[in-house]
Amino acid sequence: MTQPCWVSADPFFSKMTKSIEFDLEGKDREHAYRLLGGLVTPRPIAWVTTQDREGRVNAAPFSFFNVLGTCPPILGFAPGNKSADLPKDTARNIRATGEFVVNLVDEAVAEAMNLTAAELEYGRSEIDHAGLTVAESAVVAPPRIAEAPVALECREWSTLEFGRNRLVIGRILRIQAREGIVDPATLRVNDEAYLPIGRMRAPAQYCRTRDRFDMERPD
Ligand SMILES: Cc1cc2nc3c(=O)[nH]c(=O)nc-3n(C[C@H](O)[C@H](O)[C@H](O)COP(=O)(O)O)c2cc1C
């Protein structure tokens, strides 16, 4: 019987069938972040803006993030605690106000996004620190980042707490996309106008998403 074309006779590939196991319940527990952060890639980046009760704007990136469903439109991102029981400012503000904006990150704002990961004291804005500007949101109080290509206005649906992490689940109420990114008639996203980046290996590796391809889905 002839082998299908995806089975290689090359010994290099046959070696790849061996796997190395990492025990995240035992000896490799401490390495979960490095292993999972390096393997579950690329991840989109939620660049989250929130406000505290005094209206001061906070911004921070989170790559433990994705859209989780569309009916209703739901997303989730996961801020870890700063220390055992001290939440990050983003989580603290969402607990206080129940609202946030997820700005998406393209190549043009990559460096500014990175600057907003600085750990500033509570109440000091990463927006000023990174030389960014904000624009008013339509239905939530926290503003969006004006330089970001797309912003998702969200209301907290629920927050799950597990260990030192929490999963903030938000209902997406509005999408704000810069003109030219989505064709309003076809809803098609313009690949030339939208160049999101992804997070690869922590702490500092990213990828561009210019190399795209189509694949027909089976019936
Ligand atoms: C690209 C990128 C992705 C990040 N993803 C996460 C994440 O998913 N969860 C997390 O807790 N911290 C993440 N961080 C670190 C936070 O952005 C950082 O702790 C930040 O200071 C939190 O800000 P805040 O206290 O204002 O909320 C990430 C940093 C970068 C640069």
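## Close-up views of a predicted model

By class, 8 nonpolar, 5 polar and 4 charged residues make up the shell around the ligand. The model shown in these views is predicted.

**View 1. Residues of β2 and α3 line the ligand.** Two elements, β2 (57–62) and α3 (89–97), each supply at least two residues of the shell around the ligand. Strand β2 has the largest share, with 4 residues. There are 17 residues around the ligand in total. A60, F64, K88, D89 and T90 come nearest. Look for D89 again in View 4, where D89 is listed among the buried residues of α3.

**View 2. The whole protein chain sets the scene.** The chain has 219 residues. Its secondary structure comes to 5 helices and 11 strands. The C-alpha atoms fill a box of roughly 70 × 50 × 35 Å along the principal axes. Buried residues account for 26% of the chain. Now take the contacts with a separation of 6 or more: 57% of them join residues 24 or more positions apart.

**View 3. Seven strands form an open sheet.** Strands of a sheet pair through backbone hydrogen bonds, either parallel or antiparallel. Which sense of pairing is found in this sheet, parallel or antiparallel? The pairing is antiparallel, and the 7 strands follow the order β2-β1-β5-β8-β9-β4-β3. β2 and β3 are the edge strands, and each pairs on one side only. From one strand to the next, the twist averages 35 degrees.

**View 4. Helix α3 packs on the sheet.** α3 touches β1, β2, β5, β8 and β9. The direction of α3 makes about 50 degrees with that of β1. Which residues of α3 are buried? They are D89, T90, A91, N93 and I94. These buried residues pack against β1, β2, β5, β8 and β9. Just after the helix comes G98, with a positive phi of about 75 degrees.

**View 5. The largest nonpolar core has 31 residues.** A46, W47, V48, V102 and V105 have the most contacts inside this core. Several elements give two or more residues to the core: β1 (46–51), β2, β4, α3, β5 (99–103), α4 (110–115) and β8 (150–162). Strand β2 gives the most, with 4 residues. Follow V102 for a closer look. Leaving out residues up to four places away in sequence, V102 touches A46, V48, L75, L152 and C154.

**View 6. A hairpin joins β3 and β4.** Strand β3 covers residues 65–70, and strand β4 covers residues 73–77. They run antiparallel, joined by 5 bridges. How many residues lie between the two strands of this hairpin? There are 2 residues between β3 and β4. One bridge links G69 to its partner I74 in β4. The loop between the strands holds P72. The peptide bond from C71 to P72 is cis, with omega near 5 degrees.

**View 7. L68 sits in strand β3.** Why does L68 count as partly exposed? L68 has 15 C-beta neighbours inside 10 Å, and a buried residue needs 20 or more, whereas an exposed one has 12 or fewer, so L68 falls in between. L68 touches I74, L75 and G76, not counting residues up to four places away in sequence. D214 makes a contrasting partner. L68 and D214 are 146 residues apart in sequence and 23 Å apart in space, C-alpha to C-alpha.

**View 8. β4 also pairs with β9.** Strand β9 spans residues 165–177. β4 and β9 pair in the antiparallel sense over 4 bridges. Two of the partner pairs can be picked out here. In β9, G76 has I169 as its bridge partner, and F77 has V168.

**View 9. Two loops hold special backbone features.** L187 lies in the loop between β9 and β10. Phi of L187 is near 65 degrees, which is positive in a residue other than glycine. L187 counts as exposed because 7 other C-beta atoms lie within 10 Å, and the limit for an exposed residue is 12 or fewer. The other loop runs between β10 (198–199) and β11 (206–207), and P203 lies in that loop. A202 and P203 are joined by a cis peptide bond, with omega about 5 degrees.

Notes
Residues numbered from 1 in each chain as written. Predicted model: local features only at pLDDT ≥ 70, side-chain atom pairs only at ≥ 80, totals over all residues. Near = placed C-beta within 6 Å. Nonpolar A, V, L, I, M, F, W, Y, C, P; charged D, E, K, R; others polar. Pairing = 2+ DSSP bridges. Core = buried A, V, L, I, M, F, W, Y, C linked by C-beta atoms within 7 Å. Contact = placed C-beta atoms within 7 Å. Axes fitted to C-alpha atoms, helices over the stretch in contact; angles between N-to-C directions.
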